[in-house]
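Here is a friendly tour of a protein, written for someone who likes cut-offs next to the claims. Have the structure open as you read.

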Amino acid sequence: MKSRRGKDSWKEINTSFVYEDSDSEAEPASPSKQKHHQNIEDNLLVEYDGFWTGGLKGIQRKTKDCGVEGGFIRCLSCSGEHAWCPSCAVKAHQWNPFHNLQLWNGKFYESTTLQDQGYVMYLGHGGHRCPCLSQQSTPSPWSDLGAMEDVFADGEGEKIYETQSGVSNLVVVHSTGIYSHHVSWCQDRHLHLLKAKLFPASITRPHSAFTFDVLDNFLIDALECKLRAMSFYQKLRILYDKKDHYCELMRVSRIWRDLVNRIRFGFGHETDRSPGPGDLALYCPACPQPGINLPPSWKDSYDDWLVMQRYVVDGNFTAQHMKMKTPEDDVSLADGKGYMVTEEPYQTHITESVEEREKSSCSNHRAVNAANVQRINLRATGVGATACARHGCFVPHAVVDFQKGERALIIYDVACQWSIHFHERVDWSYHLSLPQSIEILPAIGKFHLSTHKLLCFPRFSLNFITGAGHIDGEILETLWAPFNKISPMARSMTLAHRKEVLDDHMRDSNWKKLVGIGKSS
């Protein structure tokens with residue numbers, strides 16, 4: 001193809017170079033172009049060789065610390081270009097034990113560990129050797145524990161392997177990998193592990209631990225990415241190691257979540273005070289709350305409709321829960337302390353209440369029908385939650401599992417059916433009560449109201465209720481969307497673990513509302 005000036009077009013020239021085939025008869029490029037292409041290839045080869053064998057230059061020079069020829073070790077985690085001998089590598093990583101090293105074997109770099117280079121992690125003296133270690137009469141770091149039984153010892157896999165006096169192996173799971181180290185113990189070994197930001201995986205004789213960093217990363221991945229614990233641990237195993245400590249991660253992450261929440265809500269250092277129902281939960285910062293965001297004279301300063309509580313109630317039948325094989329082994333760490341209600345009184349209420357299979361007098365609603373469905377293999381067919389209707393914050397200690405089927409505005413998809421015998425059900429129940437001065441105003445969200453009969457519109461429409469404001473009553477539907485991503489993984493958890501996970505995601509949802517809410521003009 002010729003251009004207007006009679007020369008070959010640039011497309012044709014470049015096509016012969018890019019798509020050159022072994023069978024094609026493309027004309028050879030000019031000598032100047034051949035030289036240019038050769039220079040490009042040479043530069044690429046030099047850069048490629050320098051990237052993968054950059055340490056070879058280090059082998060030919062002295063290490064910076066000891067001056068010995070031959071720095072065969074490099075670190076992938078340290079910034080900059082380094083070449084160390086084994087002793088210098090150990091010295092450089094005395095306070096960085098969770099870095100990934102590589103060793104030049106004469107042909108290529110292969111993975112190595114600090115443990116292979118003679119590294120020992122000293123606990124209790126700022127990373128230095130215990131001065132009393134040589135004076136200890138017994139070589140075992142666990143001898144002072146006597147015959148104490150570690151209930152988690154069998155789940156940790158490997159047995160404790162003592163290498164020398166006061167030293168044993170410790171497997172540490174970090175966000176950059178899974179490492180095995182020789183650890184020199186001092187007294188109060190659990191305290192020294194925690195001071196080193198290592199959380200032990202068992203009670204009396206820990207030989208595996210998790211760094212605070214990897215536990216925080218797991219909780220963040222679970223909240224933001226809805227990541228399963230198995231997927232998180234498989235990532236660490238595939239990238240760094242083949243050892244299996246998944247069971248320890250499940251156990252430690254639950255304890256870590258509970259400790260973090262207690263510290264955040266002021267119960268971390270007070271042993272004489274325990275959190276009560278809903279004390280480990282955040283509530284809406286904008287809804288009117290006496291003693292928090294209302295003045296002492298709020299009853300005289302504001303009209304009743306202005307400070308009226310507005311709640312929306314809805315059920316999520318995706319958040320099912322399967323029956324447990326051994327429920328007697330389940331241990332709860334924060335039963336009723338968050339958004340899920342306390343299990344024992346709720347179960348007592350369910351047992352004592354009379355179940356009536358009601359037929360809807362309105363349209364054929366899914367909420368009524370789904371509540372009446374029997375599923376033999378399910379412990380719970382879903383969850384029901386309460387949130388503030390204006391801002392969408394979950395209400396503490398107000399989330400229940402569905403198992404049978406002043407003024408407060410209660411918005412519910414089937415309020416026309418739910419409100420018929422509401423007061424009678426409260427009077428019949430020993431565990432339910434209502435303040436005598438409160439008035440319940442049932443309403444239906446605007447989206448669901450269109451599916452009801454015409455008679456429901458004037459009675460339950462938000463447009464005709466004084467104090468309802470400009471709300472649609474469907475804000476809980478938006479909160480269920482991210483919730484449905486964790487429902488499959490929580491379906492087969494134990495009851496206590498499932499409630500803790502649901503509480504954590506509700507708490508995270510309210511926290512984002514709290515820090516992201518804007519100032520009113």
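Patches are made of residues with over 30% relative accessible area and no salt bridge, where like charges are joined within 9 Å and nonpolar side chains (Val, Leu, Ile, Met, Phe, Trp, Tyr) within 5 Å. A salt bridge, in turn, is a side-chain nitrogen of Lys or Arg within 4 Å of a carboxyl oxygen of Asp or Glu. Accessible areas come from the Shrake-Rupley method with a 1.4 Å probe, and for residues only the protein chains shown count as cover.

With that in hand, look at Tyr-302, Trp-305 and Leu-306: together they form a nonpolar surface patch with about 270 Å² of accessible area. Tyr-302 sits in the loop between α9 (298-301) and β10 (309-316); helices (H or I, at least four residues) and strands (E, at least two) are DSSP runs numbered from the N terminus. At 32% relative accessibility, Tyr-302 counts as partly exposed, on a scale where buried means under 20% relative accessible area, exposed over 50%, and partly exposed in between (1.4 Å probe, protein chains only).

A word on the source: this is a predicted model, in which local features need pLDDT of at least 70 and side-chain atom pairs count only at pLDDT 80 or more, while totals for chains, interfaces and linings use all residues. Residues are numbered from 1 along each chain as its sequence is written, and side-chain values use heavy atoms, with hydrogens and water left out.

Now for the whole protein. Its secondary structure comes to 18 helices and 16 strands. Of its 521 residues, 43% count as buried. The protein exposes about 30600 Å², and carbon and sulfur atoms supply 55% of that area.

How many salt bridges does the structure hold? There are nine salt bridges, including the three in this table.

| Salt bridge | Closest N to O distance |
|---|---|
| Glu-500 and Arg-254 | 2.8 Å |
| Glu-343 and Lys-499 | 3.3 Å |
| Asp-508 and Lys-512 | 3.2 Å |

Side chains of opposite charge can pair when their charged atoms come close. Burial is worth a look here: Glu-500 and Arg-254 are both buried. Glu-343 is buried too, with a relative accessible area of 14%, and Lys-499 is buried at 6%. Glu-343 and Lys-499 also belong to a network of salt bridges that links them with Asp-335 and Arg-379.

Asp-508 and Lys-512 are four residues apart in helix α18 (residues 495-516), which means that about one helical turn separates them. Asp-508 is buried, with a relative accessible area of 15%, whereas Lys-512 counts as partly exposed at 40%.

Next, helix packing. Helix α6 (residues 212-224) packs against helix α8 (residues 246-264) at an angle of about 85°, and their axes are 10 Å apart. Axes are lines fitted to C-alpha atoms, for helices over the stretch in contact, and angles run from 0 to 180 degrees between N-to-C directions. That makes α6 roughly perpendicular to α8, a label for angles of 65 to 115 degrees. Contact (heavy atoms within 4.5 Å) involves Phe-212, Leu-215, Asp-216, Phe-218 and Leu-219 of α6, and Leu-249, Val-252, Ser-253, Trp-256 and Arg-257 of α8.

Finally, the backbone. Lys-197, although not a glycine, has a positive phi of about 60°. Lys-197 lies in the loop between α5 (189-195) and β8 (198-200) and counts as exposed at 55% relative accessibility. His-397 is not a glycine either, and has a positive phi of about 55°.

Notes. Angles under 35 degrees count as roughly parallel, over 145 as roughly antiparallel, 65 to 115 as roughly perpendicular and the rest as oblique.
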